[in-house]
Structure formats: structure tokens, C-alpha cells
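Q: Please take a close look at the inside of this protein and at the backbone around it. Go through it step by step, in plain terms.

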Amino acid sequence: MGYRWEITREAVRQGVVGIVRTADAASAVAAARAVLDAGLKSVEVPLTNAGALVAIEELAAAYPDATIGAGTVLDESSATAAIRAGAQFLVSPSLHTEVLRTAHRYGVAALPGTGSVTEIVRAMEEGADAVKVFPASALGPQWIKDVRAALPQAPLVPTGGIAPEDVPLWLDAGAVACGIGSALTRGSSEDIRARVAALVRESS
């Protein structure tokens, strides 16, 4: 694991963070493997999955060159557990300063969730490495473009309801990356690999 800025750079480098939202550790690992094997190097496993920590630990060990993160991190204890399991970045649906502090204490990147300009500014003031914008589908690429016009320094990662084919619209609007969940990881492993491979080719 490198420095926080290096982790953040790698997490958003391809313009997509794959969110693996499944019911248990085995299904999370299977879906994440399909995503990673297809060429996407940044994957988030939400802690809404009871087996998320097991999945993160297994994926971090199996894919040392990938950037594996934990999502839906809401408090300090969850942040600490995710970091100990091997998460390199922590994502939240909202802004929790204790998660930011814990992440930074251990050299891990933090991407708190925001839904307004005020929250984006506060997240940056609190030291966010990048800022999740959620739910992106309720705001749209034009909103990102307008915000970036006023806050060009804001590293925004819109997430929620984004289709893989729409990623270029969001990146053109100024997003540094998009978080994509079920639209990317639904179906069989073969379906996931084909979808991710096409997305990675488009973003390269």
C-alpha cells in the first residue's frame, strides 16, 4: 500500500470504480474477480454485505496490484475493521468525520458521500481525498459540470444509477471517476467480464 495520494490516483485512474454489492463473501469475491480479471483495477465492496471483510481480505491478497476498497463505511469501528482486512480506500454515502480521521490515521484514502455544494466543500475542508456525489442519478452530469465550474479543485466521483455507457458523459462533465454497481456487476461472470472489458477499452 502506498501513500494516500497514490491510492487515490490508482482508485480513479481508469475513470471507474466497480462496486460489488452482493449478499455474501463468496458472491462478492466471484463478482470482483470477474471485474478485476477483465481489466478494471479498482473495486469497492460495501459493508452492507455481512461477508464484506472476508471478501476484502481475500481480494487484497489475491490481487496485490489492484486497489480494493470498502463501501458504506459509517463509523470508526467499521473503518478500522475494513482497513485491517486490507481496504485501501473507504467510501461512505454521507460525511462522517470519524471515518476520515481513521482512514488518514492509517494512511488510507477516504471518499465521503455528499449531495450538495455545501457538503462537497465541507468534505474537502475535512480532508477528503476525493468526494463521492450520491445519488448521481438525481443530479445528472450537468450538475457536476456546474459545480466544477465553481469548484474546479473538487475531485468528484458520482455514484448511483450510472450506466456503463454513460461514463464518458460524466467524465466530460468533470468527474474524476464514476462509481458503478449493479449496472456493471449483474449477470454471470462472463457477462461481467464482457461489460467491464468494453468499458476499460473505452476509457483507455
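A: Helices and strands here are runs assigned by DSSP, with at least four residues for a helix and at least two for a strand, and they are numbered from the N terminus. The model is a predicted one.

Start with the nonpolar core. In soluble globular proteins, nonpolar side chains tend to be buried together. Here the largest nonpolar core has 59 residues, and L90 and I180 have the most contacts inside it. Helix α2, residues 25-37, gives the most to this core, namely eight residues. Apart from it there is another core of 11 residues, including I7, A11, A109 and A130.

Next, take L90, which falls in strand β4 (89-91). Leaving out residues up to four places away in sequence, L90 touches A70, V73, A79, A82, I83, V99, A103, V108, A109, A110 and L111. Three of these partners, A79, A82 and I83, are buried residues of helix α4. T80 and A85 of α4 are buried as well. The buried residues of α4 pack against α3 (52-62), β3, β4 and α5 (97-105).

The backbone on either side of α4 deserves a look. Most residues other than glycine have a negative phi, and most peptide bonds are trans. T72 has a positive phi of about 55 degrees although it is not a glycine. T72 sits in the loop between β3 (67-71) and α4 (76-85). Just after α4 comes G86, with a positive phi of about 120 degrees.

The cavity is the next feature. A search of the whole structure finds one cavity of 30 Å³ or more. About 70 Å³ of space lies in the largest cavity. Among the residues that line it are F89 and V91, which belong to β4 (89-91). L111 is in the lining too, and L111 is also touched by L90. A11 lines the cavity and is part of the 11-residue core. α1 (4-12), β1 (16-19) and β4 each supply at least two lining residues. By type, the lining divides into eight nonpolar, two polar and two charged residues. E44 and K132 are in this lining.

K132 leads to the last point, since residue 132 falls within β7 (131-133). After β7 comes a loop to α7 (141-150), and P135 lies in that loop. The peptide bond from F134 to P135 is cis, with omega near -5 degrees.

Conventions
Residues numbered from 1 in each chain as written. Predicted model: local features only at pLDDT ≥ 70, side-chain atom pairs only at ≥ 80, totals over all residues. Heavy atoms only, no water. Core = buried A, V, L, I, M, F, W, Y, C linked by side-chain atoms within 4.5 Å. Buried < 20%, exposed > 50% of the residue type's maximum accessible area, 1.4 Å probe, protein only. Contact = heavy atoms within 4.5 Å. 1 Å grid on protein atoms, 1.4 Å probe; cavity = no way out; pocket = protein on both sides within 12 Å on 5 of 7 lines; lining within 4 Å. Points joined across faces, edges and corners; volume = space filled by probe spheres on them. Nonpolar A, V, L, I, M, F, W, Y, C, P; charged D, E, K, R; others polar.
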